[in-house]
Amino acid sequence: MIITMASGATTKEINQVKEKIKELGYETKIFKGVKKTVIHVIGATDRERITLSVEPLPGVEKLTPILSPYKLGSREFHPENTVISVNGNLIGGDEIVIMAGPCSVESEEIVLKVAKEVKKAGAKILRGGAFKPRTSPYSFQGMGEKGLKILEQAREETGLSIITEVISEVDVPLIAKYADILQIGARNMQNYQLLKTVGRFNKPVLLKRGISATIEEWLMSAEYIQAEGNPDVILCERGIRTFESYTRYTLDISTIPVIKHLSHLPIIVDPSHPAGDGKYVPSLSRAAIAAGADGLLIEVHTDPTHALSDGKQSITPLAFQKLMDDLKNIAKIVGRKI
Ligand code: PEP
Ligand code: MN
């Protein structure tokens, strides 16, 4: 529920509304605009009671219920785009932010080499999983804290910010010490305890779409993070499971305009996991930027055939450099820059 105060409403009138809402058992958030003050009522379930008690108060102009099940993430609640600063790189603004790096942190040598190459090509954020959610328990599970230390070293040497995945609640405090963005993978999109935990940290969270999740389920998961007090959620479309099996997943390009319509949160695209094959990654990347994505998360490896995870869908630094040149041109056409 949003309460719009009339222009010229006094501080006393605003406080009166705030007190009334508190009496009804809800919290408020106050946004003071140039002309008008807007009061957000958090978790307002009893709309009728709020309307009856607040509408007659002096200085109240109108009450607007938020009809979607997600509130904090909805456009109605927050009409302007959310722009998230990651060490000065703005995600969700005019600039398109490219995140790139290996699927997993495998060795210091590979990570540093990839980091330097992607930085040179224009990436701003280095990706690399140190804790890996693998389909098979017998596959490489990641280097753990050792891997985080390698990422930290890469940040020191290149100035790139770091995004890395958290797969368990217990690891969040450790990973938050090293990472600039916490990545929640597709498999954990509905791990509500994990979502609540990252919601209590003061770090941007990149929330991937679940493999079979609807857009509404995805936005409800973002809501879990925001409801705990962390407003900095970046959505990441990474393909969904459909009947088509030629590609690994099906990249749902339509989520970009749909999310832009429904929500103020930034949305980026991971073209690597839906493609499942590096040769399709440039095309999906170009399509995502043309459709309005705020950034990309791309798997890059110096030696894809020997990568310990997702080698087939990883592209080389050379292919990445070429792709960046194309993306810069497409960004210009859609009124953005890289
Ligand atoms: C990854 O980014 O390497 C990853 C595991 O992705 P997803 O959660 O989208 O499968
Ligand atoms: Mn991967």
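**Exercise 1. List the residues that surround ligand 1, then find which side chains make polar contacts with its oxygen atoms.**

Step 1. With a cut-off of 4 Å between a residue heavy atom and the molecule, the surroundings of ligand 1 consist of C103, R127, K132, E165, Q183, G185, A186, R187, K208, R238, H273 and E299.

Step 2. Apply the polar-contact criterion, a pair of N or O atoms within 3.5 Å; within protein, one must be able to donate a hydrogen and the other to accept it, and residues adjacent in sequence count only if both atoms are side-chain atoms. The side chain of K208 places an N or O atom 2.8 Å from an oxygen atom of ligand 1. For E299 the corresponding distance is 3.2 Å, and for a polar side-chain atom of H273 it is 3.3 Å.

Conventions: this is a predicted model, in which local features need pLDDT of at least 70 and side-chain atom pairs count only at pLDDT 80 or more, while totals for chains, interfaces and linings use all residues. Residues are numbered from 1 along each chain as its sequence is written, chains are lettered from A and ligands numbered from 1 in the order in which they are written, and side-chain values use heavy atoms, with hydrogens and water left out.

**Exercise 2. Identify the donors of the manganese ion (ligand 2) and locate them in sequence.**

Step 1. Donors are N, O and S atoms within 2.8 Å of the metal (3.2 Å for Na, K and Ca); water is not among the atoms, so sites may look incomplete. The ion is coordinated by C103 through SG, H273 through NE2, E299 through OE and D310 through OD, at 2.0 to 2.4 Å.

Step 2. The spacing of these donor residues is C-x169-H-x25-E-x10-D. C103 sits in the loop between β7 (97-101) and α3, and D310 in the loop between β14 (295-299) and α11 (317-333), so the two tie together parts 207 residues apart in sequence. Helices (H or I, at least four residues) and strands (E, at least two) are DSSP runs, numbered from the N terminus.

Step 3. C103 and D310 are buried, where buried means under 20% relative accessible area, exposed over 50% and partly exposed in between (1.4 Å probe, protein chains only). The value for C103 is 3%.

**Exercise 3. Why does C236 form no disulfide?**

Step 1. A disulfide needs two cysteine sulfur atoms within 2.5 Å. The closest cysteine sulfur to that of C236 belongs to C103 and is 13 Å away, too far for a bond.

Step 2. The search of the whole structure gives 0 disulfides. C236 is buried, at 0% relative accessible area.

**Exercise 4. Describe the largest nonpolar core and the contacts of I298.**

Step 1. A nonpolar core is a set of buried Ala, Val, Leu, Ile, Met, Phe, Trp, Tyr and Cys residues joined through side-chain atoms within 4.5 Å. The largest has 65 residues, and V118, L126, L207, L235, I298 and F320 touch the most other members. Helix α3 (residues 108-121) gives the most to this core, 7 residues.

Step 2. Contact means heavy atoms within 4.5 Å. Not counting residues up to four places away in sequence, I298 touches I98, M99, A100, G101, R127, P271, S272, V281, S285, I315, F320 and L323.

**Exercise 5. Characterise G239 and D252.**

Step 1. G239 lies in the loop between β12 (233-237) and α8 (255-262), and D252 is in the loop between β12 and α8.

Step 2. Relative accessibility is 0% for G239, which is buried; D252, at 16%, is buried as well.

Step 3. Leaving out residues up to four places away in sequence, G239 touches Y249, T250, L251 and P274, and D252 touches R209, E237 and I240. The C-alpha atoms of G239 and T250 are separated by 4.8 Å.
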